[in-house]
Amino acid sequence: MSTFRSIFGSAAAIALLSACSGAGSQAAPLARIPSNVARSAGVASGAINWSYSVLPKAYQNTEGLRPADHPVESLPPPSPPLPQKLAYVSDFPANIVNVYNQITGAHLYTLGGLNNPQGLFVDHLRKLWVANTGANNILVFPRGATSPIYLLNDPYGPPVDVTVCAGGTVYVSNLYDFQTGIGDISVYAPGNLNPTGTLTYPGESSNAFLTCTPSGDVYSTMTDTGNVGRVVKYPGGNQAGATQLPIALSSSPGGIKPDNAGNLVVNDQLAHTVREYTTAGTPTGNSFGTGSGDWVDIAITQNGQVVLGADAVQQVGRRRSLWTGLLVSPPYTSTLFIRPAGTAFDRGQNGLG
């Protein structure tokens, strides 16, 4: 057995799940699976050893409940047609993804029965991809559906984030590999339910979030063995030519996304800062502070004007203007929120999630 490490900053750190290591299996053709099978594979189980890591008392689960023992059922979307623009925020210990009207902030419905979901991605068909950390898989939901139609297995490690490049290749960030104890990225060639390859970088300790640019390059935030947050580029999504950008982050790096200017927007959890860099890793001078909260993942609107952060301390999906940092109201809230972790806009900038 190996103990999960956390992607959350010190004020919002969560000890993830304990899970046994597993070996990869042969790649299988992508096929639709019965929704009840997908749901049962992602439903949280009371057998899981779940606990918080050290948190300030104000942010601890004072009721002493283990949310993995209390899975929340999906709430169906309202009967009126869904708005054109949606937003998604995952809640790691509540085992849910909340769906909102992107403009008004109104809560529309809930995807339940998950197992510690984190990173989110919306593809060009507007399907939602969920890194279902506790179940070691990726679930894919059609827009407006409350049951997944696809399940990708991730036998190598607890998945933190997922992205899909334009050619259909899927990349999944693993906090660490069950066998090696080192973070890596599972690669799924188009049409495969199981990994067809992995990406790693020398000196890496744990992997956090990742993104694919319109040109097909994959960028990942990770922590090195010196406990420093870094950004790594995989050209064309390949191992060959992988380079570490000259960016130093805190020991808990957060989400990363390309913006409409062709640069990278990187969230630094412990520094409470979102900053823009060129794809070569040079700061552009654009940045803003996230306030007293610990932002985890980030998303950017299609017009590139608003950034959404999963604020694990203030327990909201917080929107700020890019690059003034001014708050955009209302925030995305839910009575079920415990620790928001992942975010996505439908659709995201340039069609990316």
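**A short tour: cavities, a sheet and a disulfide**

Hi everyone, let's start inside the protein: there are 2 cavities of 30 Å³ or more. Keep in mind as we go that this is a predicted model.

The largest cavity has a volume of about 40 Å³. So you can find it on screen, what lines the largest cavity? Look for Y88, V99, Y109, L111 and L128, and then the run F141, P142, R143, G144 and A145. Sorted by character, that lining has 8 nonpolar residues, 1 polar and 1 charged.

Next, please turn to the sheet. Strands pair through backbone hydrogen bonds in a sheet, and they can do that parallel or antiparallel. Here we have an open sheet of 4 strands in the order 14-15-16-17, and the pairing is antiparallel. At its edges sit strand 14, residues 204-212, and strand 17, residues 243-244, each pairing on one side only. Zoom in on strand 17 and you will see strand 16, residues 229-234, joined to it antiparallel by 2 bridges. Across that pair, V232 stands opposite Q244.

Now, on to the disulfide. How many are there? The count is 1, and it joins C165 to C212, with an S to S distance of 1.9 Å. C165 lies in the loop between strand 10 (159-164) and strand 11 (170-174), while C212 belongs to strand 14, so the link ties together parts that are 47 residues apart in sequence. The angle about the S-S bond is 110°, making the link right-handed. And are these two cysteines buried or exposed? Both C165 and C212 are buried.

That's the tour, thanks for listening!

Conventions:
Residues numbered from 1 in each chain as written. Predicted model: local features only at pLDDT ≥ 70, side-chain atom pairs only at ≥ 80, totals over all residues. Heavy atoms only, no water. 1 Å grid on protein atoms, 1.4 Å probe; cavity = no way out; pocket = protein on both sides within 12 Å on 5 of 7 lines; lining within 4 Å. Points joined across faces, edges and corners; volume = space filled by probe spheres on them. Nonpolar A, V, L, I, M, F, W, Y, C, P; charged D, E, K, R; others polar. Pairing = 2+ DSSP bridges. Disulfide = S-S within 2.5 Å. Buried < 20%, exposed > 50% of the residue type's maximum accessible area, 1.4 Å probe, protein only.
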